Amino acid sequence: MDNREFRSLLDLTQDKIVVVDENGTYRYANAATERILGYDRSAFIGTNVFEYVHEEEFEAVRSAFGGLINADGDRTGTVTFRHRTADGSWVWFESRMWSRADAEVGGYVVSSRDITAEKEAETRRQETEDRLRQIAANAGDVLWMFSADWERLLFVNDAYEDVWEMSREELEADPTRFLSGVHPDDRDRVRRMMER
């Protein structure tokens with residue numbers, strides 16, 4: 001396979017594949033770079049990767065890059081960060097880099113997978129969980145969740161201690177501990193309901 005065929009193959013990949021030198025300057029970028037980031041490749045090549053990294057991940061990316069280019073032997077490293085696009089928005093990448101520069105390609109090969117959708121879904125899940133925890137913390141009713149076998153307490157809100165007059169730690173140690181607060185005449189019925 002000649003160099004032109006190899007580059008054509010790289011252009012068909014979904015991931016952004018680039019070659020950078022020891023300073024982080026882009027020396028090659030495949031077609032996915034244009035698709036994902038919106039930059040014209042001819043203008044993009046020659047710029048520096050660190051110009052595009054979000055400030056919150058800048059130090060982590062700089063450290064991971066420096067650690068790999070100064071590493072002894074062959075190693076790979078992975079870092080997750082936001083990369084600025086041509087329209088000023090951000091794309092989340094999970095990037096993997098090899099510690100050995102390849103003389104044939106003129107630098108270090110970095111493969112980056114677009115994980116923006118996954119990051120956004122993770123953020124929505126976290127926001128939903130935070131809202132539910134706020135609601136549960138302010139509810140006067142006891143809200144709790146146990147594993148299906150009732151062996152593990154998954155969640156209980158603060159109202160438990162006021163209503164049951166037992167600590168949450170006691171309930172965590174023994175998820176059936178609350179049964180001691182149930183009237184003796186009702187305990188069997190509650191146990192049957194738990195089993196169902």
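**Entry 1. Pairing, and β1 with β2**

Two strands count as paired if DSSP finds at least two bridges between them. I keep in mind that this is a predicted model. I started with β1 and β2. They pair in the antiparallel sense, over three bridges. I looked up one bridge by residue: valine 19 has tyrosine 28 of β2 as its partner. The two strands form a hairpin, and five residues lie between them. In the turn I noted glycine 24, whose phi is positive, at about 90°.

**Entry 2. The other partner of β1**

Next I checked β5. β1 and β5 pair over five bridges, again in the antiparallel sense. Here isoleucine 17 is bridged to serine 111 in β5.

Then I asked how covered β1 is. Five of its five residues are buried. I sorted them by face. Lys16, Val18 and Val20 lie on one side, Ile17 and Val19 on the other, and both faces are covered.

**Entry 3. The whole sheet**

I traced the strand order. It reads β2-β1-β5-β4-β3, an open sheet of five strands with antiparallel pairing. Which strands stand at the edges? They are β2 and β3; each has a single partner strand, so one side of each is left without a neighbour in the sheet. On average, neighbouring strands are turned by 30° against each other, direction ignored.

I then looked for helices lying across the sheet. α4 lies across β1, β3, β4 and β5, and it runs at about 145° to β3. Helix α5, residues 116-138, lies across β3, β4 and β5. Its angle to β4 is about 120°.

**Entry 4. Nonpolar cores**

I went to the largest nonpolar core. It has 23 residues. Val20, Tyr26, Leu37 and Phe44 have the most contacts inside it. Seven elements came up as giving two or more residues to this core, and I list them by type:

- Strands: β1 (16-20), β2 (26-29), β3 (76-84), β4 (90-98) and β5 (108-114).
- Helices: α2 (31-37) and α4 (58-69).

Apart from this core lies another one, of 11 residues. Phe146, Met166, Leu171 and Leu179 are among them. As background, nonpolar side chains in soluble globular proteins tend to be buried together.

I took valine 20 as a sample from the 23-residue core. Beyond four places in sequence, valine 20 touches Thr25, Tyr26, Arg27, Phe65, Gly107, Tyr108 and Val110.

**Entry 5. Aspartate 21**

I moved on to aspartate 21, in the loop between β1 and β2. Is this residue buried or exposed? Its relative accessibility is 8%, and buried means under 20%, so aspartate 21 counts as buried. Its side chain reaches the backbone nitrogen of asparagine 23 at 2.9 Å. Outside its neighbours within four places, aspartate 21 contacts Arg27, Phe65 and Tyr108. I also checked its distance to glycine 107. The two are 86 residues apart along the chain, yet their C-alpha atoms are separated by 4.7 Å.

**Entry 6. Serine 112**

Serine 112 is in strand β5. I found it buried, with a relative accessible area of 1%. What does its side chain meet? A polar contact of 2.5 Å joins it to the side chain of serine 95. Not counting residues up to four places away, serine 112 touches Asp15, Lys16, Phe93, Glu94 and Ser95.

**Entry 7. The chain as a whole**

Last, I stepped back to the chain. It has eight helices and seven strands. Its radius of gyration is 27 Å, well over the 16 Å that the globule rule gives for 196 residues, so the chain is more spread out than a compact globule. I noted the box too: the C-alpha atoms fill roughly 85 × 40 × 30 Å along the principal axes. Buried residues make up 34% of the 196. Finally, I looked at contacts between residues at least 6 apart in sequence. Of these, 32% join residues at least 24 apart.

Terms used
Residues are numbered from 1 along each chain as its sequence is written. This is a predicted model: local features need pLDDT of at least 70, side-chain atom pairs count only at pLDDT 80 or more; totals for chains, interfaces and linings use all residues. Side-chain values use heavy atoms; hydrogens and water are left out. A nonpolar core is a set of buried Ala, Val, Leu, Ile, Met, Phe, Trp, Tyr and Cys residues joined through side-chain atoms within 4.5 Å. Buried means under 20% relative accessible area, exposed over 50%, partly exposed in between (1.4 Å probe, protein chains only). Helices (H or I, at least four residues) and strands (E, at least two) are DSSP runs, numbered from the N terminus. Contact means heavy atoms within 4.5 Å. Axes are lines fitted to C-alpha atoms, for helices over the stretch in contact, and angles run from 0 to 180 degrees between N-to-C directions. A polar contact is a pair of N or O atoms within 3.5 Å; within protein, one must be able to donate a hydrogen and the other to accept it, and residues adjacent in sequence count only if both atoms are side-chain atoms. The radius of gyration is taken over C-alpha atoms; the globule rule is 2.2 Å times the number of residues to the power 0.38.
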